[in-house]
Amino acid sequence: MEKKNTWETYNESQLRETDVFADQYRSFLDAAKTERECVDYVVNAAEEKGYRELQTVIKEGGSLKKGDKVYAVWMNKSVAMFRIGEKPMAEGMNILGAHIDSPRLDVKQNPLYEDEGFAYLDTHYYGGVKKYQWVTIPLSLHGVIVKKDGTTVELNIGENEDDPVFFISDLLIHLAQEQLEKKASKVIEGEALDIIVGNRPIVLGKEDGSGQEDCGCENAGYKADDVSNEKKDKERARDAVKKGILDILKKNYGVEEEDFLSAELEVVPAGKAREAGLDRSMLLAYGQDDRVCAYTSLRAMLEVEETDRTACCLLVDKEEIGSVGATGMQSRFFENMVAEVMNLTGEYSELNVRRCLASSCMLSSDVSSAYDPSFASSFDKKNVAYLGGGMVFNKFTGARGKSGSNDANAEYLAHIRKIFEEENINFQTAELGRVDLGGGGTIAYILALYGMNVIDCGVAVLNMHAPWEATSKADVFETKRGYEAFLKGACL
Ligand SMILES: [Zn+2]
């Protein structure tokens, strides 16, 4: 079958639009490296476009009519947006869904320790990562520390140019003979993914500064608050680097070591999204799985006007670990919000909610692996996505004989083809890779539980799940166009 390259289909003005859109997408990626940051971004963007918070409308005893726009946030990590259409909601919605969590390293609950002069934060990786890719690159720390009194300290360290960054060490090549004999999955083990956060001992001594030489560190700049006897001095010297870090945490953020117990801190690659290639055709950035689909869905949702069916955009957490938990797709959060919205449009009944969900059409968006000529044998060239080949549809995902897959209906695919061809959207169909080589899932199967039409689709990504992932600017723009066409379209 003939495949078109999106770049070749664009005229001058579309090429310009593609670049502008890519710049906006990059600033989103820089501002939203975690699911919480994503939700903040979405809420701000939605409110600017006249969306109101669902809970506020409920509290004020308001109602919703066609053209009204509301959003609902769940635990600061998932968000759903609704734009009420002309037709009753019971006839179904057009839903765009994507996930906003990405593979990363999560800081453990008791993380801070010192070993031979280094202070570390112990981590547990989140989602599927090749652990060896995370060593020796600059890392940043994002997240929240919630104190017992309920106040939240937000952290974002390592993104500004004058911020410090963090890193995980690797063994020098000169001594790596044994290490390099190991399997790639064992070269760096999960428990070795601890980030170095300090190397300078706190200054020991009395309040007047005497006894500073005890610690043997002329350049040390931190001073213990209260040291009253020699025994204490020695105890402190043992963990002087860790104490220095605690001192900084206390002074800069007002947090104690125990506050790590109620923190969600995520370690992600530091640095901004970049254009890639001399021709600037690509984007290289952390977390494009799946924020590339989240951003394009969001933009389509914000820009679409006057739809027949109610338009919905659903951006959820926890996909990378199985869509579990209160903020994952398996939670009843979405169903509950649909019931609330229908209550405000005056349509609520148990039966109407069921009818609405069953009659909905959904694009469940996640990234697709792009064909990589350097690893050609891992793909089926006829059934793989190509960078620059346009928006991707995956009829099915899963592993070992489609296990765990949604497998969209042929009738639904035909319907989507028609919409996309009418709007001149360039698209391609694909599966993840060669049969029996691996596999993966998405949120599609969970929405399909309601009996609605769902298909997996999204954007092709090269080196997916690596600290830096690559996409084509043309695919990003084309996907946004595709989502708009879908929201405006009919359903089966
Ligand atoms: Zn994903």
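**Exercise 1.** Work out how the donor residues of the zinc ion are spaced in sequence.

*Solution.* The spacing reads H-x189-D-x76-D. Before going on, note that this is a predicted model, where local features need pLDDT of at least 70 and side-chain atom pairs count only at pLDDT 80 or more, while totals for chains, interfaces and linings use all residues. Residues are numbered from 1 along each chain as its sequence is written, and side-chain values use heavy atoms, with hydrogens and water left out.

Next, put names to the letters: the donors are His99 (NE2), Asp289 (OD) and Asp366 (OD), with Asp366 (OD) listed twice, at 2.0 to 2.6 Å from the zinc ion. (Donors are N, O and S atoms within 2.8 Å of the metal, or 3.2 Å for Na, K and Ca; water is not among the atoms, so sites may look incomplete.)

**Exercise 2.** Find the two domains and describe where they meet.

*Solution.* Start with the bounds: domain 1 is 6-102 + 286-488, and domain 2 is 104-269. These bounds come from an automatic or database domain assignment. Their C-alpha centres lie 37 Å apart. The contact (heavy atoms within 4.5 Å) takes 18 residues from domain 1 and 15 from domain 2.

**Exercise 3.** Track down the salt bridges across the interface of domain 1 and domain 2.

*Solution.* First, the rule: a side-chain nitrogen of Lys or Arg within 4 Å of a carboxyl oxygen of Asp or Glu. It finds four across this interface. Now zoom in on a pair: Lys33 and Glu159 are joined by a salt bridge between their side chains, at 3.0 Å, N to O.
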